[in-house]
Amino acid sequence: MTRWGIAGCGFIAGRMADVLKGRRDARLTAVAARELTRAQDFAQKWGVPRSYGSYRELARDPRVDAVYIATIHPAHAEIARLFLEADKAVLCEKPLAMSEREAHGMLELAAQKRCLLMEGMWTVFLPAWQELRERLRGGELGDIRAMTADFSDVTPYDPHLRIFDPAKGGGALLDLGVYCLHTAFYLLGTEYRSLSVGGRSAPSGVDSFASLTLAYPDGTEAYLTCASDMVGTRDARIMGTKGWAQVPSFFGATELTLHVGEGKVQCRFAQIDGFHYEVEEFHRLLSEGKDHSDVVPPEKTLAVQRVMDQAMKMIVSRK
């Protein structure tokens, strides 16, 4: 039984609370926020025994084994350090940090403390992506030549919304593009040869659209787009020498269609909250005494942060 704490009391924290409360191998024992009343309200809603008005208090709780960090992006690094220093395992909501340098420091501390630290990139644990990767490895689509992935939607501009507020870690890349990048690296690997970037900024200065092209040494290219100011396809496609595959809603990924020759194979998967698969992997790693995940390993997290760092600088320089 893993005893969990949650840092942060927003929407995403509630989603994780719902998942943890439904598992027999987990117990949600404590929650913390910067304001005690918020933590108390959350605890009452989800039936959590203890609530704290600071993350430091949660870190000192000996009845907590693992902590899920559900705060805004800029707070991840500081809060994660509190829990790692207290020898607690940490599952941190994506993106792990605000920069590659910040992420490297967090991962370095986790390695020193021999504590499990994993970025909460739940989508790559979905069965649809697991199935597709196995089929790619089996050569079903032949040699992969290209990939596309889009995660775009319109959010009416409001400078106070998190996705548009620089102080809250706003920007389409950090919020949406991170999914596209993780998916590309999950399927194609992190050893790309070059990066090309296009994009535009919202009035607040954060990126509202980003277009990334990753070119690999073998000639394969990944075309990734994300935006908060346009409607996109929100799907992913993989093209090879023998056929192609489509995941209609790559963010939720409950379907996978493979087109090989004149045939078409459709795979459908259970519609359950993807956080279940993420937590299941986290529990497995804890039980085996592992300090990182092979699905979302440190080098992949750092590679994603590196690309986002470079892309955001290039988009801003175009202004």
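## The largest pocket

In this predicted model, the lining of the largest pocket is a mix: 16 residues are nonpolar, six are polar and ten are charged. The volume of this pocket comes out at about 900 Å³. If you want to find it on the structure, look for I12, A70, I72, R162 and D175, which sit closest to its centre out of the 32 lining residues.

Which elements give two or more residues to this lining? They are α1, covering residues 11–21, and α7.

## The largest cavity

Next, the cavities. Searching the whole structure for cavities of 30 Å³ or more turns up one. The largest cavity has a volume of about 30 Å³.

Its walls are made by L96, L107, L117, M118, E119, V296, P297, P298 and T301. Two elements, β6 (117–120) and α9 (298–317), each put two or more residues into that lining, and β6 gives the most, with three. Sort the lining residues by type and you get seven nonpolar, one polar and one charged.

## The nonpolar cores

In soluble globular proteins, nonpolar side chains tend to end up buried together. Here, the largest nonpolar core has 84 residues, and the members that touch the most others are W4, I6, W129 and L214. Which helix supplies the largest share of this core? That's α7, running over residues 172–188, with 13 residues. You've met α7 already: it also gives two or more residues to the lining of the largest pocket.

There's another core too, lying apart from the largest one. It has 29 residues, including I69, A77, L82 and A103.

## The cysteines

A disulfide is a covalent bond between the sulfur atoms of two cysteines. How many disulfides does this structure hold? Zero. Take C115 as an example: the nearest cysteine sulfur belongs to C92 and is 14 Å away. To count as a disulfide, two cysteine sulfur atoms have to be within 2.5 Å, so C115 is in no disulfide.

Is C115 buried or exposed? With a relative accessibility of 6%, C115 counts as buried, because the cut-off for buried is under 20%. C267 has a relative accessibility of 13%, so C267 counts as buried as well.

Methods. Residues are numbered from 1 along each chain as its sequence is written. This is a predicted model: local features need pLDDT of at least 70, side-chain atom pairs count only at pLDDT 80 or more; totals for chains, interfaces and linings use all residues. Side-chain values use heavy atoms; hydrogens and water are left out. Buried means under 20% relative accessible area, exposed over 50%, partly exposed in between (1.4 Å probe, protein chains only). A nonpolar core is a set of buried Ala, Val, Leu, Ile, Met, Phe, Trp, Tyr and Cys residues joined through side-chain atoms within 4.5 Å. Helices (H or I, at least four residues) and strands (E, at least two) are DSSP runs, numbered from the N terminus. On a 1 Å grid over the protein atoms alone, a cavity is a set of points where a 1.4 Å probe fits but cannot get out, and a pocket is an open set with protein on both sides within 12 Å along at least five of seven lines; lining residues have an atom within 4 Å of a point. Grid points are joined across faces, edges and corners, and a volume is the space filled by probe spheres set on the points. Ala, Val, Leu, Ile, Met, Phe, Trp, Tyr, Cys and Pro count as nonpolar, Asp, Glu, Lys and Arg as charged, and the others, Gly among them, as polar.
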